[in-house]
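Biologist: Please take me through the long helices of this chain with some care, and dwell on one of them in particular, with its bend and its neighbours. I would like one connected account rather than a list.

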Amino acid sequence: MATYDAAGRRRPRSRRKLAASFASHVVLLLFLGFVLLPVIWVVLTAFKTPKDAYATPPTFTFHPTWLNFHTLLHSQFLADLGHSAILMFFSTAVALVLGVPAGYALARASFRGKQFITSWLVIAYVTPVIVFIIPLYVEYLKIGISGSYLALVLAYEIGLLPFTIFMMRSYFGDLPVQLEEAAMIDGCNRSRAFRLVVLPVMWPAVVTVGILVAIASWGEYFVALVLTNQNTTTAPVAIYTYVGIESSDWGAMAAGSLLVVLPVLILAVFIQRGLIRGLTSGAVK
């Protein structure tokens, strides 16, 4: 921040402050370059021919080509993107249908076992996926649903449902209780007040949580790697098939990564707007 003397003239910044500012900017630029380097590599490689992709050292001047995208869109990868979209849709729908009312109940209701349920949800959310993935795989084989969409959605919900419940509980906890009280004075019961008054006000928050859940399910890799088969393989799992022991198709892998990341980037734009609307909707309305 600039400083001024008694006459209103701007005082020059000291050399020490200028050096500190310059050093901090250099560190930030180096960190930014470190973070963006993999992204730049993926974007450039996606438009390279196999010869340019394998060049050592890497080439930064080349003739862009759509060959990698053409290869992907005329292969099984397009179907794998569809599998990911189906799983994202149903995982998000189940998480919202069950998580929104559950979050409202934990925020508003007082009942025996509430603390136990909350603690159990915390344990389920923070438990590493490796702990339950093998038992799930064995049980799915026994009941005959291994490799199905149902098996994957149920596995995804182990992490997505607690996340949805806790996020919605936080949003509902910030909502003034006077809204429901006014609705019940007008003749609504708790259920109708939730549907007709609370949900319309909290709709931006619900959309925001839904987008976060959709992104998480879209990019899930480890669970899908263990539980899918060739009929339900997701896009993140399919990308890894382009990396082999003796040879790898770096161009196709990079193009597939872009196709997977692009929807997430689009949703991220809506998240930024949705988070602001979700946080302020209760106060505005």
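Modeller: The bend at a residue is taken here as the angle between two axes, one fitted to the seven residues that end at that residue and the other to the seven that start there. With that in hand, and bearing in mind that this is a predicted model, we can begin with helix H1, where a kink of about 40° lies at Leu36, shortly before the proline Pro38. The end-to-end span of H1 can be checked as well: residues 15-46 make 32 residues, and at 1.5 Å a residue these should span 46 Å, which agrees with the 45 Å between the C-alpha atoms at the two ends. Among the residues of H1, Val42, Thr45 and Ala46 are buried.

The helix that deserves the close look is H7, residues 149-174. From the first C-alpha of H7 to the last the distance is 36 Å, close to the 38 Å expected for its 26 residues at 1.5 Å each. H7 also carries a kink, of about 45°, and this one is centred on Glu157.

Glu157 leads us to a neighbouring helix, since Phe90, which belongs to helix H4 (residues 77-108), touches both Val153 and Glu157, leaving aside residues up to four places away in sequence. Phe90 and Val153 are 63 residues apart along the chain, yet their C-alpha atoms are separated by 6.9 Å. Phe90 has a relative accessible area of 45%, and because that value falls between 20% and 50%, this residue counts as partly exposed.

Further along H7 comes Thr164, whose relative accessibility is 0%; since anything under 20% is classed as buried, Thr164 is buried. Once residues up to four places away in sequence are set aside, Thr164 touches Ala95, Leu96, Gly99 and Val100, together with Val209 and Val213.

H7 also meets helix H5 (residues 114-126), the two axes coming within 8 Å and crossing at roughly 130°. An angle between 115 and 145 degrees is classed as oblique, so H5 and H7 are oblique to each other. Their crossing is left-handed. On the H5 side the contact is made by Thr118, Leu121, Val122, Ala124 and Tyr125, while H7 contributes Ile158, Gly159, Pro162, Phe163, Ile165, Phe166 and Arg169.

Definitions and conventions:
Residues numbered from 1 in each chain as written. Predicted model: local features only at pLDDT ≥ 70, side-chain atom pairs only at ≥ 80, totals over all residues. Heavy atoms only, no water. Helix = DSSP H or I, 4+ residues; strand = E, 2+ residues; numbered from the N terminus. Expected span 1.5 Å × (residues − 1). Buried < 20%, exposed > 50% of the residue type's maximum accessible area, 1.4 Å probe, protein only. Axes fitted to C-alpha atoms, helices over the stretch in contact; angles between N-to-C directions. Parallel < 35°, antiparallel > 145°, perpendicular 65-115°, else oblique. Left-handed = near helix turned anticlockwise from the far one by under 90°. Contact = heavy atoms within 4.5 Å.
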